[in-house]
Protein chains: 2
Amino acid sequence: MDKKVITIYDVAEEANVSMATISRVVNGNANVKEETRKKVMEVIDRLNYRPNAVARGLASKKSTTIGVIIPNITDLYYASLAKGVDDVASMYKYNIILTSLEESVGDEEQIINNLLSKQVDGLIYMGKQISKKLKRVFMHSKTPLVLAGSVDKNNETASVHIDFVEAVNNVVTQLIHNSHKKIAFVGGNLENPIDGKYRLDGYKKALKNANINFSSDLVFEAENSVRAGEAIFDVIKNTNATAVYVTDDLLAAGILNSAVRSGISIPEDFEIITSNDTILCEVTNPKMSSIEEPLYDIGAVAMRLLTKMMNQEQIDENVVKLPYSIVKRESTR
Amino acid sequence: MDKKVITIYDVAEEANVSMATISRVVNGNANVKEETRKKVMEVIDRLNYRPNAVARGLASKKSTTIGVIIPNITDLYYASLAKGVDDVASMYKYNIILTSLEESVGDEEQIINNLLSKQVDGLIYMGKQISKKLKRVFMHSKTPLVLAGSVDKNNETASVHIDFVEAVNNVVTQLIHNSHKKIAFVGGNLENPIDGKYRLDGYKKALKNANINFSSDLVFEAENSVRAGEAIFDVIKNTNATAVYVTDDLLAAGILNSAVRSGISIPEDFEIITSNDTILCEVTNPKMSSIEEPLYDIGAVAMRLLTKMMNQEQIDENVVKLPYSIVKRESTR
DNA sequence: CTGTTAGCGCGTTCAT
DNA sequence: ATGAACGCGCTAACAG
């Protein structure tokens with residue numbers, strides 16, 4: 001005896017009104033006499049009627065759902081962004097379809113198309129770069145898109161992020177002021193523009209301002225993991241570098257731990273500064289100084305921007321740069 | 001010049017067949033001549049036709065979407081579970097609607113109802129407990145539900161988790177073997193059954209087996225954060241406890257760091273063992289020993305189980321207990 | 001203020 | 001192997 005699914009018609013019949021009226025009260029339309037509104041509400045409650053969002057979506061061409069493309073949920077960097085997106089989304093009554101898309105993995109196009117087929121009203125993309133193929137898919141659809149934490153070289157796509165160049169320039173300059181001459185740069189994937197272009201540019205800029213020659217021997221690439229960090233420390237140390245800027249907290253934690261274990265005093269003999277200010281910075285010993293990228297806010301602002309775009313509101317700024325700050329802890333002097 | 005949305009009718013017309021045929025090829029129905037199938041495919045490609053999943057959902061009463069209820073995405077514990085769910089879900093072509101539900105926050109009922117209104121085909125619940133009100137909502141709907149990482153006291157709901165009692169019993173017994181007499185128990189929220197019942201029971205069981213009297217003075221409750229851990233260490237130390245079992249990695253990291261900073265040698269003078277084996281265990285110095293709850297697998301198995309339920313397949317075991325193990329690192333002898 | 005009706009895009013009989 | 005026609009549950013004119 002399957003309980004039959006209750007539709008708007010059942011409610012209408014039970015309340016002795018037309019389905020249109022039910023639709024009106026459900027959608028908060030003012031054109032309903034208070035009396036009938038009450039009666040309808042009572043019936044809705046009694047029958048335990050729950051509107052079918054799929055049918056509603058088909059009729060209204062709006063799904064109140066957005067697609068979020070995220071490289072890796074277990075990376076605190078992305079998880080923090082996602083949290084910001086999520087909070088604002090639920091504030092505006094949107095649901096989130098979460099889709100993993102490890103960078104540099106195939107069929108990204110199919111994944112986006114699948115999302116679009118679900119008729120999402122908007123998209124948030126968190127990847128560090130956006131392939132040409134993907135860009136074409138996005139452009140071809142009319143679905144609004146916002147990049148969270150990432151940059152579009154041509155500023156064609158709406159995006160929210162910090163000024164990576166300035167942030168890195170800033171911290172590397174501080175290291176230079178602490179009289180370091182050889183400062184290493186450790187990036188995750190130098191293929192992607194955030195690490196390989198903006199951050200590296202900031203590093204170069206700081207060196208140039210201080211008349212220090214750039215040397216590619218001091219630039220390292222490593223996977224974002226503790227182990228990779230542990231492994232790379234010796235290599236860094238062999239260059240006689242006395243300080244390092246790292247683009248990822250896990251990586252930085254590995255480097256720091258490896259340094260500490262080999263008996264080096266931090267920050268006296270070696271300084272480390274990292275980039276994301278995730279909770280990892282508080283867990284290492286000594287605690288890590290970091291650029292503070294306001295991840296939660298970036299996610300939140302990106303989502304807010306998206307709601308405006310979905311609402312066809314006027315957007316004053318396509319590209320939003322949020323302020324960063326620098327959190328000094330124990331891994332720098 | 002808005003590009004018109006392409007429907008199945010447009011494809012049908014262009015290919016000179018009926019929409020039924022298009023539907024057949026899109027859904028892989030065998031009853032289509034190879035020749036017409038090819039022609040249709042060609043047209044689909046040319047017109048860049050993308051089936052509307054919402055319309056399909058309305059007609060078929062299946063959304064190929066599942067709802068995932070998660071307390072906090074930025075908690076590595078839940079993020080790892082989610083990763084497992086996500087991977088298996090995409091393997092089976094399901095999309096995930098991610099919904100945050102901080103425990104002990106209001107309108108949980110509304111959140112679930114919203115999810116159900118979206119016609120999700122199944123639900124994964126990650127909370128540590130499930131309120132009576134929520135349970136009623138779940139029971140009332142016919143939507144399959146699986147608990148990931150959590151236990152249903154009455155085994156009425158499908159669930160995937162480890163044997164919390166045995167795991168804690170096991171590690172506490174090991175601490176006892178290391179000749180500790182006073183072992184503290186630090187739990188997150190003792191209101192929830194995982195910490196306040198199962199894990200605590202395991203702790204008590206170990207003590208009892210060793211003829212050590214249980215004392216509530218050695219049981220602590222603290223929020224799952226580094227700061228709370230740092231703050232609580234002194235209190236623990238004042239009890240003259242020489243070892244501690246902690247239910248959360250962040251909390252454990254705080255305790256460990258506070259201990260190290262106050263000059264205590266770990267594991268010589270004080271042992272710490274934690275519960276979730278997240279990456280935090282590798283980041284602290286010394287690295288933390290931990291129960292290894294196979295979070296990714298729990299998520300993956302939960303999702304797999306859900307696919308079976310959605311498929312009306314026979315389920316042999318409603319409750320799946322996955323094996324745990326114990327990872328010895330540097331915070332225990 | 002309320003009811004009627006025509007779609008929304010697609011799956012699915014039931015004929016042919 | 002293919003097509004015609006109905007219905008999924010709801011929104012949105014339009015009419016009254």
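Two strands are taken to pair if DSSP finds at least two bridges between them. Helices (H or I, at least four residues) and strands (E, at least two) are DSSP runs, numbered from the N terminus. The model is predicted: local features need pLDDT of at least 70, side-chain atom pairs count only at pLDDT 80 or more, and totals for chains, interfaces and linings use all residues. Residues are numbered from 1 along each chain as its sequence is written, and chains are lettered from A and ligands numbered from 1 in the order in which they are written.

Within chain A, strand 3 (residues 122-125) and strand 4 (residues 145-148) run parallel and are joined by 3 bridges. In this pair, A:I124 stands opposite A:V146 of strand 4. Between the chains, strand 2 of chain A and strand 2 (residues 95-100) of chain B run antiparallel, again with 3 bridges; A:I96 has B:L98 as its bridge partner. These strands belong to an open sheet of 12 strands with mixed pairing, in the order 11(A)-5(A)-4(A)-3(A)-1(A)-2(A)-2(B)-1(B)-3(B)-4(B)-5(B)-11(B). Strand 11 (319-321) of chain A and strand 11 (319-321) of chain B form the edges, each pairing on one side only.

Superposition of chain A on chain B, by least squares on the C-alpha atoms of residues with pLDDT of at least 70 in both, gives an RMSD of 0.1 Å after a turn of 180 degrees and a shift of 0.0 Å along the axis. The two copies are thus related as by a two-fold rotation axis. Of the residues of chain A, A:I97 comes closest to this axis, at 2.2 Å (C-alpha).

With contact defined by C-beta atoms, placed from the backbone, that lie within 7 Å, 39 residues of chain A touch 39 residues of chain B. Helix 5 (76-91) of chain A gives the most to the side of chain A that touches chain B, with 7 residues. This side divides into 20 nonpolar, 14 polar and 5 charged residues, where Ala, Val, Leu, Ile, Met, Phe, Trp, Tyr, Cys and Pro count as nonpolar, Asp, Glu, Lys and Arg as charged, and the others, Gly among them, as polar.

A residue is near a DNA strand if its C-beta atom, placed from the backbone, lies within 6 Å of it. Of the 25 residues around DNA strand C, A:S18, B:I8, B:N52, B:A55 and B:A59 come nearest. Helix 4 of chain B gives the most to this surface, with 5 residues. The surface near DNA strand C comprises 14 nonpolar, 9 polar and 2 charged residues.

Terms used. Contact = placed C-beta atoms within 7 Å.
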